[in-house]
Amino acid sequence: MPRVIFHTATTLNGFLADEDDSLDWLFAVDGAAEAEAAFSAFLAGIGALVMGSTTYEWLLDHEDLAVHPERWPYPELPAFVLSSRELPRVPDADIRFRRGDVPTLWAEIAESAGGRDVWLVGGGDLVGQFDDAGLLDEVRVSIAPATLPSGRPLLPRRIGPDRLRLTSARQAGQFAELTYSVAREVS
């Protein structure tokens, strides 16, 4: 069974995006190239990715995918977009729009990963749904030297310290990269 990994960047005070769903704060950080280099190695182990509609819509807008579908950043991977709304498609991209709860969709997602890991691109509530289903294995967070007064929280769920174990900490440019394993909740 593939591992499910939430890999993201966050502000020092725990926001994924600002109140307008912008990541401008992230792109303003010096030294992002060092963090990107490690990301390529991570992506090599990914067989499928999952994102929510807000993340997908941000990609559509940020990459201007309606005009430039060739800018889809994950051309080699099946991408699941979980949403109850109809969203525009990116031509020639393997994007699978799905409705429903995570446990119902998990078999299809796992099979599409082809034995490799599943990357939860975002957002935080989607990641919480995977944790609620007992499917979250790892959280990788690159903490940027920036704060925001408000925005989208990193992970709007309670995952206690009894379930999180720090497995790695390193510096990549101006980012602190932390990796935590996530233990299954005992019921």
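Let me start with one side chain in this predicted model, that of F39, which is buried, with a relative accessible area of 17%, a value that falls under the 20% cut-off for that class. Its partner F42 also counts as buried, at 7% relative accessibility. Both residues lie in helix α2, which runs over residues 32-44, and they sit three residues apart, about one turn of the helix. In general, an α-helix has 3.6 residues a turn, so residues three or four places apart point the same way.

That brings me to the aromatic pairs, of which a search of the whole structure finds nine. The rings of F39 and F42 make one such pair, with centres 5.6 Å apart and planes at 40°, so the pair is classed as tilted. For the rings of Y56 and F97, the centres are 5.3 Å apart and the planes stand at 85°, so here the arrangement is edge-to-face. Since Y56 belongs to helix α3 and F97 to strand β5, residues 95-98, this pair ties together parts that are 41 residues apart in sequence. Y56 is buried, with a relative accessible area of 0%, and F97 is buried as well, at 18%. Which residues form one aromatic cluster? The members are F39, F42, Y56, W72, Y74, F97 and W119.

Several of these names return when we turn to the nonpolar interior. The largest nonpolar core has 33 residues, and those with the most contacts inside it are L49, M51, Y56, W72, I95 and W119. Helix α3, residues 53-62, gives the most to this core, with four residues. As a general background, nonpolar side chains in soluble globular proteins tend to be buried together. If we take L49 and leave aside its neighbours within four places in sequence, we find contacts with Y74, L77, P78, A79, F80, W119 and V121. Apart from this core lies another one, of 24 residues, which includes L105, W106, L136 and V139.

V139 leads us on to the second largest pocket, because V139, V141, L154, L164 and Y180 are the lining residues that lie nearest its centre, and the lining as a whole comprises 15 residues. The volume of this pocket is about 230 Å³. Which elements give two or more residues to its lining? They are the strands β1 (4-11), β7 (138-144) and β10 (175-182). By class, the lining of this second largest pocket has eleven nonpolar residues, three polar ones and one charged one.

Let me now move to the backbone, where a few places deserve a careful look. As a general rule, most residues other than glycine have a negative phi, and most peptide bonds are trans. Where is there a cis peptide bond? One joins G122 and G123, with omega at about 5°, and G123 lies in the loop between β6 (117-122) and α5. In helix α5 itself, which covers residues 124-132, the buried residues are G124, L126, V127, G128, F130 and D131. After α5 comes G134, with a positive phi near 75°.

Two aspartates also have a positive phi, although neither is a glycine. For D21 the value is about 60°, and the residue lies in the loop between β2 (15-17) and α1 (24-27). Is D21 buried or partly exposed? With a relative accessible area of 22%, D21 is partly exposed. For D64, phi is near 50°, and this residue is placed in the loop between α3 and β4 (79-82). At 35% relative accessibility, D64 likewise counts as partly exposed.

I will end with R85, which is found in the loop between β4 and β5 and which counts as partly exposed, at 40% relative accessibility. Not counting residues up to four places away in sequence, R85 touches S53, E57 and R99. In the case of R85 and R99, the two residues are 14 apart in sequence, while their C-alpha atoms are 8.5 Å apart in space.

Terms used:
Residues are numbered from 1 along each chain as its sequence is written. This is a predicted model: local features need pLDDT of at least 70, side-chain atom pairs count only at pLDDT 80 or more; totals for chains, interfaces and linings use all residues. Side-chain values use heavy atoms; hydrogens and water are left out. A nonpolar core is a set of buried Ala, Val, Leu, Ile, Met, Phe, Trp, Tyr and Cys residues joined through side-chain atoms within 4.5 Å. Buried means under 20% relative accessible area, exposed over 50%, partly exposed in between (1.4 Å probe, protein chains only). Contact means heavy atoms within 4.5 Å. On a 1 Å grid over the protein atoms alone, a cavity is a set of points where a 1.4 Å probe fits but cannot get out, and a pocket is an open set with protein on both sides within 12 Å along at least five of seven lines; lining residues have an atom within 4 Å of a point. Grid points are joined across faces, edges and corners, and a volume is the space filled by probe spheres set on the points. Ala, Val, Leu, Ile, Met, Phe, Trp, Tyr, Cys and Pro count as nonpolar, Asp, Glu, Lys and Arg as charged, and the others, Gly among them, as polar. Rings of Phe, Tyr and Trp (its six-membered ring) pair if their centres lie within 6.5 Å; planes under 30 degrees apart count as stacked, over 60 as edge-to-face and the rest as tilted.
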